[in-house]
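Please examine the internal cavities of the model shown below and the residues that line them. The account that follows takes these spaces in turn.

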Amino acid sequence: MSPQKKLQGWYQIHKRDLPFRKKKQAYPIWVSEVMLQQTRVNAMLPLYDSFMKRFPTPESLASAEEEEVLSYWKGLGYYSRARNLRKAAIFLVQNYNGSFPKDLNLVLKLPGVGNYTARAILSIAYDLPLAVLDGNVKRVLSRYFGYTENILGSKADTDLQQKADDFLNKDHPGDHNQAMMELGATLCLPESPKCLLCPLTDSCYARIHQKTGEIPLRVKEKKQIQLSAEILVFDFKDKILLVKEPKMRFLKEMFHLPYGFIGEIPEETYEPTSFFLALKELFPSLLALGKFKHTITHHKMEFSVLRQSLKERTQVETLAKNFGVESKWVQLSSLDREFPSSLASKVKKFLLY
Ligand code: SF4
């Protein structure tokens with residue numbers, strides 16, 4: 001019997017009875033996959049149930065207010081994922097009548113949907129022959145095939161995706177993907193894998209060569225993080241607004257120009273603050289002055305400079321106060337002194353023309 005068939009047989013006996021696996025429908029699978037990116041199944045299930053009761057279809061999610069969607073995301077963190085989920089639901093309703101396109105490249109265009117999620121949805125809901133690669137699957141594949149290179153290295157994903165594609169059971173791609181993930185989560189554990197119970201034990205390289213302790217090799221390389229940000233210049237008469245926000249990822253110890261990260265946010269710590277979002281809402285037509293690049297350690301950022309000249313300053317000051325943010329007004333000529341970061345001089349260049 002082929003290893004794929006053994007795996008399929010094992011999965012049919014050992015699969016967990018999970019609500020999102022009951023029907024082969026893209027929407028519940030999508031919601032569950034996004035939730036599972038940040039929490040374990042048992043912790044996620046009650047939150048999943050209440051989310052699905054309130055938003056049972058892409059249409060119901062698309063027509064809900066963002067705030068309500070976020071309130072159903074409480075306990076899961078990474079609120080940008082909930083925002084993207086809603087945005088993607090709106091996109092699906094507007095462009096595909098609320099259903100998922102059966103095409104990897106089209107699904108990858110949805111906000112917040114990466115390679116893993118797209119492949120999981122399409123293989124599980126539509127049985128498209130697309131192999132998934134998550135942390136569990138990488139561990140199983142590297143042990144099974146004896147992949148001895150660093151699985152955190154830059155080429156590992158390409159190498160292991162190739163192995164995952166070759167190993168895929170094309171008759172049952174959805175079940176196969178879930179079986180691989182389940183195997184990694186329950187038997188092929190990082191420490192002390194339960195090889196005697198494993199359906200792949202006869203042909204597994206690491207088991208045969210007693211190398212389960214060495215494979216996979218994990219050597220952390222500091223990954224470069226790409227970020228897009230907006231930095232805001234509010235001027236009143238000849239002065240500029242600086243703020244001090246304790247919740248910021250960078251510059252939290254100093255007065256600085258208000259800024260926030262936008263677009264794809266890699267981790268919760270980079271999410272824009274509520275104060276920044278409220279400022280953007282209060283001034284929806286900020287004038288774009290230009291862009292510049294900025295690097296802080298392994299963060300590569302692109303900042304857009306946006307400006308608003310104010311007729312009065314109390315509105316902004318009150319907003320800052322309401323969000324517990326300190327504010328002050330400084331002369332442009334003293335900006336570098338008051339905001340001692342190279343960001344200040346980069347922004348200043350746009351203001352001197
Ligand atoms: S035999 Fe052991 S090491 Fe190999 S895939 Fe199964 S659990 Fe993992």
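**Cavities and the ligand site**

In this predicted model, the second largest cavity has a volume of about 50 Å³. Its lining is formed by K247, M248, R249, Y259, G260, F261, T269, Y270, E271, P272 and T273. By class, that lining comprises five nonpolar, three polar and three charged residues.

This space is one of three cavities of 30 Å³ or more that the structure holds. The largest cavity has a volume of about 130 Å³. Sixteen residues line the largest cavity, and those closest to its centre are R143, C188, C195, C198 and C204. The lining of the largest cavity divides into 11 nonpolar, two polar and three charged residues.

Which helices each supply at least two residues of the lining of the largest cavity? They are helix 9, which spans 135-145, and helix 12, which spans 205-208. Helix 9 provides the largest share of this lining, with three residues.

What occupies the largest cavity? The ligand takes up this space. Around the ligand stand R143, C188, C195, C198, T201, C204, R207 and T212. Sorted by class, this shell has four nonpolar, two polar and two charged residues. The four nonpolar members are the cysteines C188, C195, C198 and C204, the polar pair is T201 and T212, and the charged pair is R143 and R207. R143 and the cysteines C188, C195, C198 and C204 thus appear both in the shell around the ligand and among the residues closest to the centre of the largest cavity.

Terms used: Residues numbered from 1 in each chain as written. Predicted model: local features only at pLDDT ≥ 70, side-chain atom pairs only at ≥ 80, totals over all residues. Heavy atoms only, no water. Near = heavy atom within 4 Å. 1 Å grid on protein atoms, 1.4 Å probe; cavity = no way out; pocket = protein on both sides within 12 Å on 5 of 7 lines; lining within 4 Å. Sits in = over half its atoms within 2 Å of the grid points. Points joined across faces, edges and corners; volume = space filled by probe spheres on them. Helix = DSSP H or I, 4+ residues; strand = E, 2+ residues; numbered from the N terminus.
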